[in-house]
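Some notes on the model below, as numbered points. Please read them against the coordinates.

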Amino acid sequence: MGLDTIVSEVPRVALVEPLTTARALRGPFDYAVDDTVGVGSVLRVPFGGRVIDGVVTGLTDASDHELAAPIEVRPDDIPPELVDLALWLAEEYCSTPARGLGLVTAPGGARAKTELHATAARPPLPDERLTDGQRELLASLPCRASGPELGALRRLEARGLVRIDSRAVRRAPPFTAVGSSSVTAPTLTPEQDDALAEIRAAPRGDRLLLHGVTGSGKTEVYLQVAADTLARGESVLVLVPEIALTPQIVSRFTERFGDTVAVLHSGLSAGARYDEWRRLRSGEARVCVGPRSAVFAPLENLGLVVVDEEHDPTYKNDGDPRYDARRVAMRRARQAGALLLAGSATPRPEAVFSLRRLRLPVRVDGRPLPPVELVDMRTAEHTLHPHTAEALADARKAIVLLNRRGWSNFLTCRTCGFVWMCPSCDVSLVLHRASGSLACHHCGHRERVPSACRACGSVSIVRHGTGTERLADELTVSAGRPVLRLDADTADPAATLAAFQAAPTAILIGTQVVAKGHDFPDVDLGVVVDADATLRFPDFRAEERTFALVTQLAGRAGRGADGRVLVQTIAPDARSLVLAAQHDSDGFLDGELARREALRYPPYSTLIRIVCGAPDAATAHRAASAIRAKLGTDAMGPASLFRLRGRERSQVVVKARERRPAVAAVRAAVETVARDRTHRDLVLSVDVDPQ
Ligand code: ADP
Ligand code: ZN
Ligand code: ZN
């Protein structure tokens, strides 16, 4: 008996976490494996009469069970650090290991694409018998082996003249640069230089916040720190809010670093996404740029994590697990000993509190920020104040922000007062005139625009309020120049932005997406039509959001020309608006942190929201009460919420000083109540750090 056999008899037991969404099924389960399997391997395993996929989360050498062996080892294993990250995330956000692991596995639905390629194996002998066609074919080598030539090439292969092998073909995302770096870095401004020097001096694992006005050159600083990191042989992760709306930052990275940049986002074809993931996994690409899900990119040897526009709400995932990519990014950076560099013109109080702040106080072009005027709407009769209408008539290029999609907010019957409501949610339906429908903005329900009242038959129907569709229509009539609309109903946001950029004079109207990362040098007017819509929102972040919205819009206006911003409001004395008008972000943040501390809101506490949904209100309320009872004094509620997607809902909110024990207590309470069969058809959702 040889030594090999003895070695292979040492039992190797893999702890496998099944990748299934069922909350009740919790691993890990033990399987017997050989030494090709490690932490992060993805296995197909027999499981209770079925076959399922699972991820190896640990290895050991003994088990109390009769062990089965895996059926297959899947090709794309996960880096072990990402297995750790996924398990941490599952705990941190009260989810399951399977759902955490589901975030870090290779994108599904695609495999590597290969094509056959022919090369010359040997030159033909002087007297070798070949047809003219064959000689032509040999002369064209190397070439792709496909179509009608494939048969001929195969015959030449059989004679030893040609070698045919299969090669991976890259399905590249649209608009990525190919080739190596081309655009060189500009000379930095003194402010950028100072910031860069501080970043370079920062110890490993430091966490920094680059607080700089729009156009202050933050992206250029990221690029230079990224170049340093690559030069050290380490990799770089860059998170951005939404790729469709921020193509500029992607192209700046690809222009600077070429093929070593991979882009990961849901807009890619399954094939391209898989190939980008593979390029990252193999180390061929060492920079990943993408939105929140890119925080799970399979990069190893991470040296830098950038979170651009860190204030952006899209960093929070709205399905289970309800993770916050900013927090996950911090965890990843800490795990790898990498530098975390967040940036924003309007950082969150949480970021100011927990990161070391560096500043870029002035624009690269040296221009001042545009003046912001508050327009008092308390006596106004129309959607646009006469003062705003006049400014719009004078502006060359304007951005108009109205945070309401559709034509009008709701419809009522003038005769009997009937209000058109969603059948599944307790909210009114919004009129979308172009598509001839009424839509629920919460569940997606749609119905035809009514011609008569359902209750009394009257044809006198009133449309209340103004959304982006209606305002765009009104402005098209009055403005006499192109009016472009950008909101969730816009089919091609990138094309809309490009059209606005190219137009010498135009108005761009839309929801808050119009205030995001695009860079238009010649916008001379920004308008917030209804600042109160965000300000009135019943949420402790309402002020922060309003401040950010106005400040971000101001950042888009008046880059080239001397622009200005008008903010229509019925609360012209509101602190967030007054300070935004003064460009006083330090004043705003100081006041906001003091207020949060006094009220014990984050970052001075952790909030956890538990929502119980059920077909009937009594069950939802009973479950929420049971959870509340288990959680004690930190918990508030139950409070009923409006019916959503046919479910009555009741919520409990926990406001705790200590994060870990609070999360653990919530997890335990939720699991107990979920197991209790007396709550029929109960759906529980837990949101740690709700937005
Ligand atoms: P931010 O990310 O803070 O909005 P950017 O990095 O996008 O700012 O810079 C704004 C503009 O100024 C961009 O067009 C960028 O190319 C340019 N820019 C940045 N830094 C410099 C520099 N040092 N010299 C010249 N132009 C610069
Ligand atoms: Zn009626
Ligand atoms: Zn609905």
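1. C443 is partly exposed, at 24% relative accessibility, whereas C422 is buried at 3%. (Buried is under 20% relative accessible area, exposed over 50%, partly exposed in between, with a 1.4 Å probe and protein chains only.)

2. This is a predicted model, in which local features need pLDDT of at least 70, side-chain atom pairs count only at pLDDT 80 or more, and totals for chains, interfaces and linings use all residues. Side-chain values use heavy atoms, with hydrogens and water left out; residues are numbered from 1 along each chain as its sequence is written, and chains are lettered from A and ligands numbered from 1 in the order written.

3. The zinc ion (ligand 3) has the protein donors C422 (SG), C425 (SG), C440 (SG) and C443 (SG), at 2.2 to 2.4 Å. Donors are N, O and S atoms within 2.8 Å of the metal (3.2 Å for Na, K and Ca); water is not among the atoms, so sites may look incomplete. Angles among the 4 donor atoms run from 106 to 114 degrees, and the site is tetrahedral (four donors, all angles between 85 and 135 degrees).

4. Along the chain, the donors of the zinc ion (ligand 3) are spaced C-x2-C-x14-C-x2-C. C422 is in the loop between β18 (410-413) and β19 (430-432), and C443 in the loop between β20 (437-439) and β21 (446-448), so the pair ties together parts 21 residues apart in sequence. Strands are DSSP runs of E, at least two residues, numbered from the N terminus.

5. pLDDT, the predictor's confidence in each residue from 0 to 100, averages 90 over the protein chain, and 96% of the residues score at least 70.

How values were computed:
Tetrahedral: all angles 85-135°; square planar, octahedral: opposite > 155°, others 65-115°. Helix = DSSP H or I, 4+ residues; strand = E, 2+ residues; numbered from the N terminus.
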